[in-house]
Amino acid sequence: MTITLIFLALLMGIVVTWLVKQSINSQPWAEVGVIDNDNPNGPVFIGSKKVFLGGLLAVLTSLFMLFFSAYRIRMEYPDWVPLDDPQILWVNSVLLILASIFYQQAKNAAQRNKEGGIRVGLILAGMFTFCFLYGQLWAWQQIHDQGLFIYSNPANAFFYVLTGLHALHIIGGLWVWARSTAKVWLGAQADDVKSSVDLCTLYWHFLLVLWLIMFYLLLST
């Protein structure tokens, strides 16, 4: 558990450092450009979006730190029965790693103005992300079939809550992924989606690191 909190503290430090850096480098008077096809002459504040995302990641890190601390405290009680984690979680971890890799590929393609590379990267990233979510549902089904319900033991409840909360944040990210993917397939240029792909890549990397920390916590207790 100590290792888990150390990793989370490091993650928080990285997020805060990145957030401070973005805030210092932000120049609102210079951040004017095209926002989208519907409003081609409107302003876009890319730095503000990055600061918003940084704030969101800091909040999420704090939220999961509280959950992990509560998990550590609750497991000391005598009624705690450790859950036998489904093996499918290993496969799911690989799927989320692949999703993060292909999102990074889409980001790299956007930096090089390669619309074809963006399309391929986004499709594969989305496909592996949906597979991850399906795998998480499969894990829930497995432990449910074993009679391990959310109310039958505190360890079961934490498993459902933590994995469910993580999945909800991925689903939220998929909304932005869907908009970016639709734009690219409808013929948008790389500059039109570069910002959203950049921010989504960071979000996917963050959720991957968060999942790996959570997976380690579930396996080690």
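Student: How do the residues lining the largest cavity divide into nonpolar, polar and charged?
Tutor: In this predicted model, the lining is made up of Tyr71, Pro82, Leu83, Asp85, Ala155, Phe159, Leu218 and Thr221. Asp counts as charged, and Thr falls outside both the nonpolar and the charged lists, so Thr is polar. The division is six nonpolar, one polar and one charged.

Student: What volume does the largest cavity have?
Tutor: The search covered the whole structure and used a floor of 30 Å³. One cavity passed that floor. The volume of the largest cavity is about 40 Å³.

Student: How many helices and how many strands does the chain have?
Tutor: Read from the N terminus, the elements run α-α-α-α-α-α. The count for the chain is six helices and zero strands.

Student: What share of the contacts with a separation of 6 or more comes from residues 24 or more positions apart?
Tutor: The chain has 221 residues, of which 43% count as buried. One pair distant in sequence is Thr201 and Ala125, 76 residues apart along the chain but 9.7 Å apart in space, C-alpha to C-alpha. For the chain, the share from residues 24 or more positions apart is 79%.

Student: Why does the end-to-end distance of H5 agree with its number of residues?
Tutor: H5 covers residues 154-185, which is 32 residues. The expected span is 1.5 Å times one less than the number of residues. That gives 46 Å for H5, and its end C-alpha atoms are apart by the matching value, 46 Å.

Student: What distance does H4 reach from its first C-alpha to its last?
Tutor: H4 runs over 115-145 and has 31 residues. At 1.5 Å a residue, 45 Å is expected. The distance reached is close to that, at 45 Å.

Student: Which residue just after H4 takes a positive phi, and what is the value?
Tutor: Glycines with positive phi follow two of the helices discussed here: just after H5, Gly187 takes about 105°. Just after H4, the residue is Gly147, with a phi of about 80°.

Student: Which backbone nitrogen does a side-chain oxygen of Asn153 reach at the start of H5?
Tutor: Asn153 sits in the loop between H4 and H5. Its side-chain oxygen comes to within 2.8 Å of a backbone nitrogen at the start of H5. That nitrogen belongs to Ala155.

Student: Is Asn153 buried or exposed?
Tutor: Beyond its neighbours within four places in sequence, Asn153 is in contact with Asp79, Trp80 and Val81. Its side chain also reaches the backbone oxygen of Asp79 at 3.0 Å. Its relative accessibility is 10%, and the cut-off for buried is under 20%, so Asn153 counts as buried.

Student: Where is the non-glycine residue Asn113, with its positive phi?
Tutor: Phi of Asn113 is near 60°. At 41% relative accessibility, Asn113 counts as partly exposed. Its place is the loop between H3 (88-111) and H4.

Student: Which residues does Lys194 contact, leaving aside its neighbours within four places in sequence?
Tutor: Lys194 lies in H6, residues 190-220. With 22% relative accessibility, Lys194 counts as partly exposed. Its side chain makes a polar contact with the side chain of Asp191 at 3.2 Å, but Asp191 is among the neighbours left aside. The contacts are Ala110, Gln111 and Asn113.

Student: What separates Lys194 and Ser180 in space, C-alpha to C-alpha?
Tutor: Ser180 lies in H5, and at 3% relative accessibility it counts as buried. Its contacts beyond four places in sequence are Leu122, Val193 and Ser196. Lys194 and Ser180 are 14 residues apart in sequence. In space they are apart by 9.0 Å.

Student: Which residue offers the backbone oxygen that lies 3.3 Å from a polar side-chain atom of Thr201?
Tutor: Thr201 lies in H6 and, at 1% relative accessibility, counts as buried. Leaving aside neighbours within four places, its contacts are Tyr103, Gln104 and Lys107. The backbone oxygen 3.3 Å away belongs to Tyr103.

Definitions and conventions:
Residues are numbered from 1 along each chain as its sequence is written. This is a predicted model: local features need pLDDT of at least 70, side-chain atom pairs count only at pLDDT 80 or more; totals for chains, interfaces and linings use all residues. Side-chain values use heavy atoms; hydrogens and water are left out. On a 1 Å grid over the protein atoms alone, a cavity is a set of points where a 1.4 Å probe fits but cannot get out, and a pocket is an open set with protein on both sides within 12 Å along at least five of seven lines; lining residues have an atom within 4 Å of a point. Grid points are joined across faces, edges and corners, and a volume is the space filled by probe spheres set on the points. Helices (H or I, at least four residues) and strands (E, at least two) are DSSP runs, numbered from the N terminus. A polar contact is a pair of N or O atoms within 3.5 Å; within protein, one must be able to donate a hydrogen and the other to accept it, and residues adjacent in sequence count only if both atoms are side-chain atoms. Buried means under 20% relative accessible area, exposed over 50%, partly exposed in between (1.4 Å probe, protein chains only). Contact means heavy atoms within 4.5 Å.
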